[in-house]
Amino acid sequence: MLFTIQVNNKKIKAEKGETILSALNRNGIKIPTLCRMKDFTPTGACRMCVVEVEGRERLVTACSQPVEEWMKIKTHSPRVITARKTIVELLLSNHPDDCLYCVRNLNCELQRLSEELSIRERRIRGRKVKQRLDQSSPAITRELSKCILCGRCVRVCEEVITANSLDFIKKGKATHVGAAMDKDFNFSSCIHCGQCVLVCPTGALHEKHNITEVQDYLNRHDVVKVIQYSPLVTIGIAEELGLRYNKDADKVLNAILRRIGFDKVFATGTGTDVCITELTAQLSEKIENGNPAPIYISACPAWVKYAEQFSPALIPFLSPVKSPQQITGVLVKTLVADQLKVKPEEIFSVSATPCMAMKFEARRDGMMRKGISDVDTVLTVRELVRLIRLYGIDTSNIEQEQADEPLAGRSSSALLAEISGGLTEAVLRLYHFQKTRKDADKQMFKKLRTGGQFREAVIKIDKAEINVAVVDGLTGLEKLKAAIAAGRNYDMVEVMTCQGGCVHGAGLPFSSTKDEIRNRSKLVYGADDTEAINLPCKSPAIINLYEKLLKENSEISDRKIFYTHFEKRNVLL
Ligand code: SF4
Ligand code: SF4
Ligand code: FES
């Protein structure tokens, strides 16, 4: 039901049941918020969104108060502005003054609010509480001195990721956000998804930076500097640098990476095509042998850690096929090392990815051989952008270049795998082609593409009826469990931690709004519709790898390097 309210002496339409903030925003009136997150129940904790409502003694929080028919509201009265200013001044009173050195400089909500509210002097002097810098996690750095206790990270971790790794610790002035028992982050249930980093308004949470290490290696002449980048990195880079994403965008990125100083530039997409091929072989074998055990895809490293910690009963069903990053990494340290006639330790192997958990994945025990990591360092898209800027690359004026053989190309299926449900679709498409020698009609997979956080379908291919489920974000696991408890059996289950898939990865640009995430998915589907090579088995890189290179190299010909194992993990070890 629509009714009229008065805002700043003008009448606007409001809807019964909505909050004051929602009515204001719909009518183009902006007011600042801090603790609020779209689609979350408001807590009213920060009071940044206060407005004056005639007849109410206290200012009310617009994000949590429902709008009422009689309301006369002032959104920018002197009293309201003073209140908002005081909140920001109090936050700044014990905030470190190191904006110039902060990772979120020019991209910080506290800095923006301070600017918008015209705060030009430090009126309130608080005691700067020295909080420790926690760098113990392989993926995330916590700078607690920059935390403004908005609670967004706590809520995302609890309500979206369901890992419950963060909470408010202690009371009063000593309150801070920390892991269970206030231990360092590496002793926590954190699965390194980084979704808390994406919502943190300040520099209190960010990825562990590896740029300096990469720079050091770029200056060395005794190692071969190699970089692989996953298919979505190009989209993220284009977004951040204002470039147009099209079919040649990968070639532009290849050239940029060579200008920075990498000797070899490889496409992680080749590794994704291997991953799809191996998963299809696993599915095919399962169907042929009538094996009832489900296959849980393990390409999302945050999901794998979640399963190891919270669902150990699923570990035997996790596919042993490595993730695309690790498959590409192991090929670099075996096949490529061989071709270059260097030892694996003489290659410095970097991976650029939209995922923060891959920083952790690269350090897993199963991802190194004879003490040498397959991937030495992982950079997020944001870090890669910083590296590009640091090296002063003029991206508007650059010749396109091919990636390096033998990991130079990918199919469009490899790009599709970056979207929730995409890897399952890619495997089924390849299985369909192997059985019928024809491309599958994409309509077959419609149910896997949209339909909420838990999607299921029965896909008929040849004589088989394949039951598949897609869990899009970890809150979807509850529905999966309920479906299994009700007697449903699945042949293949895909779980992705970040809602939407890697298009929502925490290593992508900070301003990841829902529209941007949707746009990334659109670009992926668009590329999948138009690119000529739609399946791994049609990609020259994969044909060359499986039909020639693997056979020629006895160290890798049995393909064991593409496989790993998973183990139960004690969260608080
Ligand atoms: S990285 Fe993910 S699991 Fe870890 S604290 Fe943040 S939201 Fe929670
Ligand atoms: S770490 Fe960031 S998101 Fe979490 S409470 Fe502090 S400021 Fe808010
Ligand atoms: S944004 Fe409304 S109380 Fe924080």
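The following paragraphs describe the surroundings of two ligands, two helix pairs and two backbone features in a predicted model.

The ligand environments were examined at the level of individual residues. Ligand 2 is surrounded by 13 residues, and the closest of these are Cys147, Cys150, Gly151, Cys153 and Cys200. The space that ligand 2 takes up is the second largest cavity. When the shell around ligand 2 is divided by class, 10 residues are nonpolar, 2 are polar and 1 is charged.

The shell around ligand 1 includes the cysteines Cys157, Cys190, Cys193 and Cys196. Ile140, Ala163, Leu166, Phe185 and Ile191 also surround this ligand, as do Ser165, His192 and Gly194. By class, the shell around ligand 1 comprises 9 nonpolar and 3 polar residues, with no charged residue among them. The shell around ligand 2, in contrast, has 1 charged residue.

Two helix pairs were characterised by their packing geometry. Helix α7, spanning residues 231–241, packs with helix α13, spanning residues 381–390, at an angle of about 55°, and the two axes lie 10 Å apart. Helix α7 is therefore oblique to α13. The crossing of this pair, α7 and α13, is right-handed.

In the second pair, helix α2 (residues 78–93) packs with helix α3 (residues 109–116). The angle between α2 and α3 is about 130°, and their axes are 10 Å apart. Helices α2 and α3 are therefore also oblique to each other. The crossing in which α2 passes α3 is left-handed.

Backbone geometry was considered at two loop positions. Glu405 and Pro406 are joined by a cis peptide bond, for which omega is about 10°. Pro406 is placed in the loop between α13 and α14, the latter comprising residues 412–416. Helix α13 thus appears both in the packing with α7 and at one end of the loop that holds Pro406.

The second position is Leu149, which is not a glycine yet has a positive phi of about 55°. Leu149 lies in the loop between β7 (residues 140–143) and α4 (residues 152–160).

Terms used: Residues numbered from 1 in each chain as written. Chains lettered and ligands numbered in written order. Predicted model: local features only at pLDDT ≥ 70, side-chain atom pairs only at ≥ 80, totals over all residues. Heavy atoms only, no water. Near = heavy atom within 4 Å. 1 Å grid on protein atoms, 1.4 Å probe; cavity = no way out; pocket = protein on both sides within 12 Å on 5 of 7 lines; lining within 4 Å. Sits in = over half its atoms within 2 Å of the grid points. Nonpolar A, V, L, I, M, F, W, Y, C, P; charged D, E, K, R; others polar. Axes fitted to C-alpha atoms, helices over the stretch in contact; angles between N-to-C directions. Helix = DSSP H or I, 4+ residues; strand = E, 2+ residues; numbered from the N terminus. Parallel < 35°, antiparallel > 145°, perpendicular 65-115°, else oblique. Left-handed = near helix turned anticlockwise from the far one by under 90°.
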